Amino acid sequence: MATRIELTSTSPEHTIEIGRRLATILEPGMLVALVGQLGAGKTQLTKGIALGLGVPDARLVSSPTFVLINEYEGRVPVHHIDAYRLSSVGEFEALGIDELRSDGVVILEWADRVREAIDGDVIGIELTLEGATQRKLCIFCDSPRLADRLAKLRLSD
Ligand SMILES: Nc1ncnc2c1ncn2[C@@H]1O[C@H](COP(=O)(O)OP(=O)(O)O)[C@@H](O)[C@H]1O
Ligand SMILES: [Mg+2]
């Protein structure tokens with residue numbers, strides 16, 4: 001059964017906290033696909049997920065710019081990719097996503113740009129700007145196993 005959860009974040013710190021909680025259900029092999037316009041909070045959410053995965057300092061987390069993938073060391077490796085930087089789906093495939101997923105979690109900003117190259121255990125999160133400090137987060141996934149774990153998370157209190 002697919003699932004879809006809608007949340008409202010009211011501050012950058014709130015988005016970090018949502019990311020931290022989400023991280024508790026992540027394990028190697030999973031891909032977090034982030035979608036939303038510039039400033040929607042994709043990198044902010046990534047900071048929270050990274051902290052939740054045991055990365056010691058959120059300041060280590062920023063959108064990859066000069067390199068295509070940022071790597072953070074948590075309880076599992078965290079591979080952070082920004083598809084905005086990629087010129088084609090082929091370039092994304094050339095990153096060797098399957099190998100990255102064999103030992104760690106992949107967090108992918110602008111995932112809609114390489115949608116056709118994404119498969120397996122995926123949690124999709126669409127972030128929408130609703131004001132200076134408010135963001136809507138829509139979380140969805142198709143995997144029944146993940147949907148079940150997501151449903152048990154207390155994301156909205
Ligand atoms: N509720 C919120 N959640 C996330 N970011 C927020 C929120 N309110 C304000 N912001 C601000 O919006 C910006 C989001 O930037 P960033 O995470 O880099 O977005 P993106 O990666 O989607 O381009 C940051 O400057 C952050 O402080
Ligand atoms: Mg970003």
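The points below walk through a predicted model of one protein chain with a bound ligand, from the overall fold to a single loop residue.

1. Overall architecture. The protein chain is built from 5 helices and 7 strands, and, read from the N terminus, these elements follow one another in the order β-α-β-α-β-β-α-α-β-β-β-α. The radius of gyration is 14 Å, close to the 15 Å that the globule rule gives for 157 residues, so the protein chain is as compact as a globular protein of that length. Along its principal axes, the C-alpha trace spans about 40 × 35 × 30 Å.

2. Burial and long-range contacts. Of the 157 residues in the protein chain, 37% count as buried. When contacts between residues at least 6 apart in sequence are considered, 69% of them join residues at least 24 apart.

3. The main nonpolar core. The largest nonpolar core holds 39 residues, and within it V32, L34 and L108 have the most contacts. At least two residues of this core come from each of α1 (12-23), β2 (31-35), α2 (42-52), β4 (77-82), α4 (97-103), β5 (105-109), β6 (122-129) and β7 (135-141). The largest share is that of β2, which contributes 5 residues.

4. L108 as a way into the core. A reader who wishes to follow the packing by eye might begin at L108, which, once its neighbours within four places in sequence are left aside, is in contact with L31, V32, A33, L34, I81 and A83. Two of these partners, V32 and L34, are also named with L108 as having the most contacts inside the core.

5. Surroundings of the ligand. Around ligand 1 there are 19 residues, of which T15, G41, K42, T43 and Q44 come nearest. By class, this shell comprises 3 nonpolar, 13 polar and 3 charged residues. Both α1 and α2 supply at least two residues of the shell, and each of these helices likewise supplies at least two residues of the nonpolar core described above.

6. A loop residue, Q134. Is Q134, which lies in the loop between β6 and β7, buried or exposed? Neither term applies fully, because Q134 has 13 C-beta neighbours inside 10 Å and therefore counts as partly exposed, the exposed class being kept for residues with 12 or fewer. Not counting residues up to four places away in sequence, Q134 touches T8, S9 and T10. Q134 and E6, which are 128 residues apart in sequence, lie 13 Å apart in space, C-alpha to C-alpha.

Technical notes: Residues numbered from 1 in each chain as written. Chains lettered and ligands numbered in written order. Predicted model: local features only at pLDDT ≥ 70, side-chain atom pairs only at ≥ 80, totals over all residues. Core = buried A, V, L, I, M, F, W, Y, C linked by C-beta atoms within 7 Å. Buried ≥ 20, exposed ≤ 12 C-beta atoms within 10 Å, placed from the backbone. Helix = DSSP H or I, 4+ residues; strand = E, 2+ residues; numbered from the N terminus. Contact = placed C-beta atoms within 7 Å. Near = placed C-beta within 6 Å. Nonpolar A, V, L, I, M, F, W, Y, C, P; charged D, E, K, R; others polar. Rg over C-alpha atoms; globule rule 2.2 N^0.38 Å.
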